[in-house]
Amino acid sequence: MNLSERLKRCAEKNNLFILEKISKGWSSEIYKAMTKESNLIAIKIEKDKSKRNDMCLKEYENLKKANSVEVGPKVYFLDRENRAIGMELIEGIQLREWLFKEKINKEKLKFFLERLFSQAKKLDDINLSHGQLAKVGKNILVRRNCNNFEPVIIDFEKASSNRKARNTKQLACLLITNKNSKIAKKVREILELKVKN
């Protein structure tokens, strides 16, 4: 079965209506879908030629662990037969885009970072290493919640409990201490921080 056939079967099996493709990566695609109760969810489905064995099972298990400490999108179902998982649809923008396109003051950024580092610490406490938080911030989405911005850590496909979790250290590098990072430079500028030489 190819991806479109598996997606159709997954939708039928879980009483979903597929609305549109919203993202794609090396090994998967993500679709926006609607439940029969008119709730929006995301379906992540493996590409046909994906070489990652049980990618969706791994992400499902990792998300269940993250959800146990209230981190990450809520996971709803695993459809192993069609190599897909259903999860909460996060309406937001990537961290980098938010930092450079929104007008963010010091107070709002401090509130956001406190929430983000709190989530990273929760993952450290259960020894779930995300593994990809030190990159360009693409695995952190920002959604508006009333007058504040909420961080959501996404993409737990490569997360692991078999290596030491250093999520808070990775975030500190991405957001503050890396002298060559445009993201860290922007954060330091807003927070009026200086990094020691």
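**Strand β5 and helix α4**

Q: Which residue of β5 does V75 stand opposite?
A: In this predicted model, V75 stands opposite M87 in β5, and M87 is also the bridge partner of A42.

Q: What makes β4 and β5 a pair of strands?
A: Two strands pair if at least two bridges are found between them, and β4 (residues 75–79) and β5 are joined by four bridges, in the antiparallel sense, so the definition is met. They also form a hairpin with four residues between them, where R83 in the turn has a positive phi of about 55°.

Q: Why do β3 and β5 count as paired?
A: The requirement is at least two bridges, and β3 (residues 40–46) makes five bridges with β5 in the antiparallel sense, so these strands count as paired.

Q: Why is β5 called mostly covered?
A: A residue is buried when its relative accessible area is under 20%, and five of the five residues of β5 (residues 84–88) are buried, so the strand is described as mostly covered.

Q: How do you know on which side of α4 the buried residues lie?
A: The buried residues of α4 (residues 106–125) are L109, F112, L113, L116, Q119, A120, L123 and D124. They cover an arc of only 145° around the axis, which puts them on the same side of α4.

Q: What makes E107, E114 and D125 exposed, and which face of α4 carries them?
A: Exposed means over 50% relative accessible area, and these three exposed residues are carried by the face of α4 turned away from its buried side.

Note on methods:
Residues are numbered from 1 along each chain as its sequence is written. This is a predicted model: local features need pLDDT of at least 70, side-chain atom pairs count only at pLDDT 80 or more; totals for chains, interfaces and linings use all residues. Side-chain values use heavy atoms; hydrogens and water are left out. Buried means under 20% relative accessible area, exposed over 50%, partly exposed in between (1.4 Å probe, protein chains only). Helices (H or I, at least four residues) and strands (E, at least two) are DSSP runs, numbered from the N terminus. The expected span of a helix is 1.5 Å times one less than its number of residues. The arc is that of the directions from the helix axis to the C-beta atoms.
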